[in-house]
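I opened this model to look up how one pair of helices packs and what surrounds the ligand. My entries follow in the order in which I checked things.

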Amino acid sequence: MADRPVDPEHPFSGIRFPELSHRLLAWFFRNKRELPWREEHDPYRIWISEVMLQQTRSETASDYYRRWLSRFPTVESLARADQEEVLKIWEGLGYYGRARNLHRSARIIADSWGGVFPETEELIRSLPGVGEYTAAAVLSIAFAKPLGVVDGNVLRVVSRLLADGEASGHGPPGIKPANLGQPKKRARALVEASFLHYHPGWINQAWMELGALVCLPKPRCPQCPLSYTCRAYREERIDAFPPRLPSRPLPIRAGSLLLLLPAAAPVLMRRDREVEPGGLMGETHLPSIGALLRRHDLPLLLVRRADSGLLGGLWELPNYPARGSELAEQLARLSIQPLLDTGTEVRHRYSHFEIRFRLIVAVFTDQRRLDSWTEQRWVLPAELDSYPRPKVHIEAMRLLGLVGD
Ligand code: SF4
């Protein structure tokens, strides 16, 4: 490498790749976390782990991964499962489109490709939900294809290593600066330049692990195997990389979540000596609402969301983007009467907004269908746990004493 002509404009100039790759891998094999997918070469299992790891911490994903594989050990077993069961195993991981896409993709692999996992980038990217990241991760780890994997951790490491691409010294052969304009492209090119003769799957995992364990938002530079060549470290400008975008507060969507009971519920409840005087209207201790339902064998209404879109296919409590008199007007049109505003709110942050639901106990005065959902069922509290539900609804059910902690 020392005899190559110097291109001072090249963003990777000054990086000695054999040394970098060797140090990175040596560090990785000494320090990598023992994760259940770590030694795996089965493309189906790697695919599951990579999809779970998007938006999810490794520790959380590990438990889900083990549960998933004990229920769906092969692509065929996943293809044959009901969507509801798939969503139930995924419950709590969020971004449910990932589970629905895994299920749809498994059916394509099993039904159209004879159960054989694709080995080309073109074919694997034709599967629902498989983008550049997942394709590169599966193909590099399972089939040793030289495709760089760039997640948020790798972007952070590379941004600091290059101090955003300022250049001096030698560049790797075959990579032109013109192709390295954007941070993600540049990071992928740097990772791919570091493969050399090593297994791309290990190198990819080593970069990601370095970002997860050492080059953290608050980096541990003295422990870093790449500090010898890190430009941000050398120039004491670590805080400047990666450049931060100004953060904007999440928009808040306020609404109401209904514990919706059948028409006979208030009569039964008022007969309950433990509730009188005041009946349900005077109830302030939220968990006792669930106890009341159990005592009278009363069901509540669960509704199922459409298959597509946010939280698609999950079961939830009926909910409306309104409160107070606006809510009362909407409910009146649906023959629903509010019985109790609990004054309690449940909140959940999604990537692009925060939802805040006020918990309302209500009753149907005239039994009918709620048109905003694909299906509705009267369900006893003891049956709730068998339905896949969004986190914020599980929290509401817990506060109302309908399900345990
Ligand atoms: S030296 Fe520090 S900033 Fe540079 S790559 Fe290592 S941990 Fe990150």
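**Helix pair**

I find H2 and H3 oblique to each other, because their angle falls in none of the named ranges (under 35 degrees roughly parallel, over 145 roughly antiparallel, 65 to 115 roughly perpendicular, the rest oblique). I note that this is a predicted model, in which local features need pLDDT of at least 70 and side-chain atom pairs count only at pLDDT 80 or more, while totals for chains, interfaces and linings use all residues. Residues are numbered from 1 along each chain as its sequence is written.

For helix H2 (residues 43–53) and helix H3 (residues 58–71) I read a packing angle of about 140°, with the axes 9 Å apart; axes are lines fitted to C-alpha atoms over the stretch in contact, and angles run from 0 to 180 degrees between N-to-C directions. Helices here are DSSP runs (H or I, at least four residues), numbered from the N terminus.

I then listed the contacts (C-beta atoms, placed from the backbone, within 7 Å): Arg45, Ile48, Ser49, Met52 and Leu53 in H2 meet Ser58, Ala61, Tyr64, Tyr65, Trp68 and Leu69 in H3. By class, the residues of this contact are 8 nonpolar, 2 polar and 1 charged, where Ala, Val, Leu, Ile, Met, Phe, Trp, Tyr, Cys and Pro count as nonpolar, Asp, Glu, Lys and Arg as charged, and the others, Gly among them, as polar.

**Ligand shell**

Around the ligand I find 14 residues, of which Cys215, Cys221, Cys224, Ser227 and Cys230 come nearest; a residue is near if its C-beta atom, placed from the backbone, lies within 6 Å. H9 gives the most to this shell, with 3 residues.

Key. Helix = DSSP H or I, 4+ residues; strand = E, 2+ residues; numbered from the N terminus. Contact = placed C-beta atoms within 7 Å.
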